[in-house]
There are 2 protein chains.
Amino acid sequence: MKTDTSKIKEIFKDLTFSDFEISILESVFHKVTYKKGAVILKANDIVTMQYYIYDGCLRSYHIDAQGKEHTVQFGIKDWWISDYTAFFTTSKSIMNIEVLKDATLLRLSHKDKDYLYAQIPKIESFFRKKLERAFAAFQKRILSGLSQTATQRYINFINKYPNIERSVKNYHIASYLGITTESLSRIRKELSRH
Amino acid sequence: MKTDTSKIKEIFKDLTFSDFEISILESVFHKVTYKKGAVILKANDIVTMQYYIYDGCLRSYHIDAQGKEHTVQFGIKDWWISDYTAFFTTSKSIMNIEVLKDATLLRLSHKDKDYLYAQIPKIESFFRKKLERAFAAFQKRILSGLSQTATQRYINFINKYPNIERSVKNYHIASYLGITTESLSRIRKELSRH
DNA sequence: CGCGACGTTGATTTGCCTCAACGATTGTGG
DNA sequence: CCACAATCGTTGAGGCAAATCAACGTCGCG
């Protein structure tokens, strides 16, 4: 199934392509749709795909030795999601990826990505820049974990993801912030009475 | 000052270059040496350089609103160090970089890096792969902050940096782990009596 | 409607912080 | 090379933020 050109253009909205390049891009991106609750990646799977989120909401999370979930990333429209750590080395996932709100994704395989890099060099620059920004965001998150209280991190979260309403449960947010649902509940209560 | 060819080859040890490419590389890398205690980057500086650590030990750290230091990265031989978040956008640093043990560095400017990307495309792949690995390391660190106790994180640290002996003070390690020096001291005491 | 999933509240515990004091180690000048 | 100061590390007492455990509302969906 070929992916329609308009969606491809939306992914790379700052770049322009020749017809030939467009045809290459159409051949490697595959549109897939998932319902809420679907798990598109499980721990221990070999990670061969990354996903562009055309619409919907997802999260990636790790389950630790005690069985506790830790959300690493939420993904909304125009973001990319995968277990990048495993994707970069085509190795086994330590993450799970779950659909929180019905999603339309454009799938890209590791192999096709290398092929794209070779065929369309500006794609490599594009992804490098994406990665640079994601890296910076991770650094910010590490610093925030080191220097801020749970309340401050929650306020930051609300500001960073202002529109993640219905689809995200409180315990998803708690597992992203590194606290329990009970603590998050108390933080919300405290904040609500100014 | 031209940087000697052998050091260049050490940086890119998996790649081979033509004489022409070598001459380009020599023209953009600059060797610099610093003494222990030197601060090579201060918060609010515009970040235009990144550094390959040929020898020595450094750390990058952020000072938060309360004046507390948070170590983001230690750098030893064959690592790269900078405030990447700022370097990627040539903007103001939020980090400080300090020399912990006399260091020999190879400096590369943001501008020259773009020039390298254009002149020697495989350099872009090289740095992309470096970045992918650093990204994965950051993700691991976020997970470790979310799921592990200070004691577990300390044990991980010891395993990850087994040879950071003399140059790194306990309070550097504490600020990397996100705990106080007192807590680290107690953790060490606890671990020492098996 | 009723059940299961989700969120809240309370009581208690725990890990780490803060503040304070005191050893140990390092570096430096006489 | 020693003496002393400064820096660094350790220990103790007390406090606080968040975890744990447990119980109880509430909401949404089959």
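Biologist: Which residues come nearest to DNA strand C?

Modeller: In this predicted model, 16 residues lie around DNA strand C. Both protein chains contribute to the nearest positions, which are N170(A), S185(A), A150(B), I179(B) and S183(B).

Biologist: Which element gives the most to the surface near DNA strand C?

Modeller: At least two residues each are supplied by α7 (170-177) and α8 of chain A, and by α6 (150-160) and α8 of chain B. By character, the surface near DNA strand C divides into three nonpolar, seven polar and six charged residues. The element that gives the most, with six residues, is α8(A).

Biologist: Which element gives the most to the surface near DNA strand D?

Modeller: DNA strand D is surrounded by 16 residues, and the closest are A150(A), T180(A), S183(A), N170(B) and S185(B). Two or more residues each come from α6 (150-160) and α8 (181-192) of chain A and from α7 (170-177) and α8 (181-192) of chain B. The surface near DNA strand D holds three nonpolar, seven polar and six charged residues. With six residues, the element that gives the most is α8(B).

Biologist: What relation superposes chain A on chain B?

Modeller: Chain A falls on chain B with an RMSD of 0.0 Å after a rotation of 180°. The shift along the axis of that rotation is 0.0 Å. The relation is therefore that of a two-fold axis.

Biologist: Why can it be said that the copies meet through the same surface?

Modeller: The contact takes 26 residues from chain A and 27 residues from chain B. The copies meet through the same surface because the share of interface residues of chain A that are also interface residues in chain B is 100%.

Biologist: Which element provides the largest share of the side of chain A that touches chain B?

Modeller: On chain A, the contact with chain B draws two or more residues each from β4 (69-75), α3 (84-87) and α5. The residues on that side of chain A are twelve nonpolar, eight polar and six charged. The largest share, 17 residues, comes from α5(A).

Biologist: What covers the buried residues of helix α5 of chain A?

Modeller: Helix α5 (residues 121-147) of chain A has 27 residues and reaches 40 Å from its first C-alpha to its last, close to the expected 39 Å. Its buried residues are I123(A), F138(A), Q139(A), R141(A), I142(A) and L146(A). The cover over them draws on both chains, and includes α4 (110-119) of chain A together with β4 (69-76), α3 (84-87) and α5 (121-147) of chain B.

Biologist: Which residue of β4(A) is the bridge partner of Y61(A)?

Modeller: Strand β3 (residues 49-63) of chain A runs antiparallel to β4(A), and six bridges join the two. Five residues lie between the strands of this hairpin, where G67(A) takes a positive phi near 85°. Strand β4(A) is mostly covered, with six of its seven residues buried. The bridge partner of Y61(A) is T71(A).

Biologist: Is V47(B) buried or exposed?

Modeller: The loop between β2 (39-41) and β3 (49-63) of chain B holds V47(B). Beyond its neighbours within four places in sequence, V47(B) has contacts that include L41(B), S82(B), A86(B) and T90(B). Because 22 other C-beta atoms lie within 10 Å, V47(B) is buried.

Biologist: What distance separates the C-alpha atoms of V47(B) and F87(B)?

Modeller: F87(B) is one of the residues in contact with V47(B). The two are 40 residues apart along the chain, and their C-alpha atoms are separated by 5.1 Å.

Terms used:
Residues numbered from 1 in each chain as written. Chains lettered and ligands numbered in written order. Predicted model: local features only at pLDDT ≥ 70, side-chain atom pairs only at ≥ 80, totals over all residues. Helix = DSSP H or I, 4+ residues; strand = E, 2+ residues; numbered from the N terminus. Expected span 1.5 Å × (residues − 1). Buried ≥ 20, exposed ≤ 12 C-beta atoms within 10 Å, placed from the backbone. Contact = placed C-beta atoms within 7 Å. Near = placed C-beta within 6 Å. Nonpolar A, V, L, I, M, F, W, Y, C, P; charged D, E, K, R; others polar. Least-squares fit on C-alpha atoms with pLDDT ≥ 70 in both. Pairing = 2+ DSSP bridges.
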